[in-house]
Amino acid sequence: MFRPVLFSELKNYSWKKFSQDLFAGLTVGVVALPLAMAFSIACGFSPARGIYTAVIAGFLISLFGGSRVQIGGPTGAFIVIIASIYGKFGDAGLLTATLLAGAILILFGIFKMGALIKFIPFPVTTGFTSGIAVVIFATQLNDLFGLGLNDIPAEFIDKLKVIFGNIGNTDLATFGIGVFTIIVICLVRRFLPKWPAMLVGMLAATAVAQILKLDIATIGSKFGELPRTLPTPGLDILPVSRFPEVLMPAFTIALLAGIESLLSATVADGMTGGSRHRPNTELIAQGLGNIGSVLFGGIPATGAIARTATNIKSGARTPVAGMIHAVVLMLILLLLAPQAKLIPLAALAGIMAVVCFNMSEYHTFIRMFKGPKSDWAVMLTTFLLTVFIDLVVAVEVGVVLAALLFIRRMSDISNVSAITGELGGDKNEVDDPDSIGSRNVPENVVVFEVQGPFFFGAVDGFRDIAMKISGDSAKTIILRMRMVPAIDATGLTVLADFVKQCKKQKMNVILSGVQADSQPMKAFEHFGLIAELGKENICPHIDSALARAKEL
C-alpha cells in the first residue's frame, strides 16, 4: 500500500545515476521557477507562495512518491478552486481545505483507490481541463493588457464585461512586454527545444523592460521583495464547526490532485518504458505533499505533467532528481530573491497565456465532437459548468452524467451480459471454430483479443498490454475485436494512442472482427481512426487478418 519508490531505488543507487539525477534536477528547478511564480500570482497571491509550494510539496512528493520521475508542485488545475476558496474563506479556509484534501488523498491511498481514480471518464477530464484553461486566461487579461484594475468580479461574464469595458485603457508598453514574452517562448521552443523556454522568455522580457526603462508593473511594485527563506510553519485554520463548509472544495482539490498526479505518472511510465508507478503510494505522497505545502505558506500541489516530461528528457533516473529540483528552487529563493522584484507582471501573464493554450488541449476538445454524441455532450456540459458556474459543480455533474450514460449503454447491450469486459488471450476452446489455436500465425505476429465493451472503465488492461508490447519484438499486432459490441471516446482515444505508439516503433496494427454495420466501425469512421489505420488493416474475420499480416 505504501512503498515509496525512492527507498527501492536507493538499494542499487550509483554515482552514474546521481550525476544524471543532478543534471535533471538542476534543469527542472530552473524550468519550474517562472511557472511556480506565475501560478501563484494567477491565484491572487505573492509569487513566493508558489515557490514555497514547489520546494516543500516537490520535495515530499519525490521523497515518498510512487513514481520514479514524478515532479510535484503548483499547477494550473488548482487556480480556479484556490481563488474561489480564498475569496470565500480567506487564508484560514484555504489552509483548512488543503489539509482536509491531504487527509482525503492519504485515505484514498490507504483504501487502495488509486486504480479507481483512473476510471474518471475522459470527456469529464477534457471538459474541466479545457474550462479551467479558459477561466485562467480570463484572469490574466488585466496584467497582460496593463489595465491596472483592482476590483474585478469573480464571475466569468462579469469579469469579461469589466475587462473589455476598460480595454481602451490598455498600456501599450505592458501589452508589448506580454506579447514579446509569448513570442520568445514560441521561438525558443521551435528553434532551441532543449532550452527552458519560459525562463528564457521571462528573463528576456525583464531585460528589455530594464534596458528601455519601461514604467510597467513588476513583482516589486505589487508585492515588494520576495523573502529569502521559508516561512515559519503555521496552523491558522477555521473552527472545527466550519469544516463542513470547506469539505466539498477539499474533496475537489483531492480529486484533482489524484487525477492529475496519476495521469502524470502514467504519462511518465509511457515515456520511460520502465516499471509501472505505484498509484496508492503516489496518492499518499500527494496527501503528505499538500499538507506540508500549506503548513509552510504554500498552496495545493500535484504531479505536473510538463515538468515531469522535462525531468525525463533531462535524463532523470530516480526520485532524487525531484528532490534536487526542490533544493535548487530553495537556493534560488535564498540567493536571487532580491532580483525577482524586477520581473514584469506582464511577462508572467504571457507565460500563463502559453500555459493556458497548452492546457486547453484544443485538438482533443475538437476531436471529441467526432465521437459519440453522448460523450461530447458530457464534455461540453462539464466545460460550460466549469466556465460559467463552478469547478466543484462541473466535476460532480460530469461524473454523474458519465456514470448514468455508462449504465444506460450497459443495459442496452443485453447480449454481452456474460462477458467480463477485460483484455485477455484467446481461450482456444475446442468448440470455437474461429479459435486462433487452429490457425497458422506468422512469425513476429502477436494476436490479442478484446472481450466486452471498450469503455472508460475497461481500458486500463489494454494500457497494460500496450506498455508490454512496446518492449517486445513483434512486428505486427492483430487485435481481435469480434466480442466488442461498443466503444466510447476513451476507448477510441486509447486505441488511437496505441496505434501511434506502434507506428513510432515501426509495428503494424490490424483490427480483426470489426463488422461493417457495427457501432465500433461507425465510431472508428467518425473519429478518423480508419484513415489512420488504413481500410486494408481493418478486417472482418481472423482469416483475412492473418492473410493481411502475411502480406505485411
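The following paragraphs lead through selected helices, strands and loop residues of this structure, which is a predicted model.

Helix α2 offers a starting point. This helix comprises residues 15-43, 29 residues in total. The distance from its first C-alpha to its last is 40 Å, close to the 42 Å expected at 1.5 Å a residue. The helix is nevertheless bent: at A32 there is a bend of about 35°, and a proline, P34, follows within four residues. Just after α2 comes G44, with a positive phi of about 100°.

Helix α11 may be read in a similar way. It runs over residues 243-272 and has 30 residues, which should span 44 Å at 1.5 Å a residue; the end C-alpha atoms are 41 Å apart, in agreement with that value. A kink of about 30° in α11 is centred on P249. Just after α11, G273 adopts a positive phi of about 70°.

Positive phi values also occur in residues other than glycine. One of these is K112, with phi near 55°. K112 is located in the loop between α4 (79-110) and α5 (114-117). Its relative accessibility is 55%, and because exposed means over 50%, K112 counts as exposed. Another is N444, whose phi is near 65°. N444 belongs to the loop between β3 (423-424) and β4. With a relative accessible area of 37%, N444 is partly exposed.

Residue F175 connects helix α8 with another part of the chain. F175 is placed in α8, which spans residues 172-191. Is F175 buried, exposed or partly exposed? At 28% relative accessibility, F175 counts as partly exposed. Its C-alpha atom is separated by 8.3 Å from that of D143, and the two residues are 32 apart along the chain. When neighbours within four places in sequence are left aside, F175 is in contact with L144, F145 and T170.

The strands β5, β6 and β7 can be taken together. Strands β5 (476-483) and β6 (508-512) pair in the parallel sense, and five bridges join them. Within this pairing, I478 stands opposite I510 in β6. Between β5 and β6 the chain passes through helix α20 (residues 489-504), and this β-α-β crossover is right-handed. Strand β6 also pairs with β7 in the parallel sense, over two bridges. Here S512 has C539 in β7 as its bridge partner. As for solvent exposure, β6 is mostly covered, with four of its five residues buried.

These strands also take part in covering helix α23, which spans residues 542-551. Which residues of α23 are buried? They are I542, A545, L546, R548 and A549. Why do these residues lie on the same side of α23? They cover an arc of only 160° around the axis, which puts them on the same side of the helix. An α-helix has 3.6 residues a turn, so residues three or four places apart point the same way. The cover over the buried residues of α23 includes β4 (445-451), β5 (476-483), β6 (508-512) and β7 (538-539). On the face of α23 turned away from its buried side are the exposed residues K550 and E551.

Definitions and conventions:
Residues numbered from 1 in each chain as written. Predicted model: local features only at pLDDT ≥ 70, side-chain atom pairs only at ≥ 80, totals over all residues. Heavy atoms only, no water. Expected span 1.5 Å × (residues − 1). Bend = angle between axes of the 7 residues up to and from the residue. Buried < 20%, exposed > 50% of the residue type's maximum accessible area, 1.4 Å probe, protein only. Arc of directions from axis to C-beta. Contact = heavy atoms within 4.5 Å. Pairing = 2+ DSSP bridges. Right-handed = clockwise from strand over helix to strand, strands pointing away.
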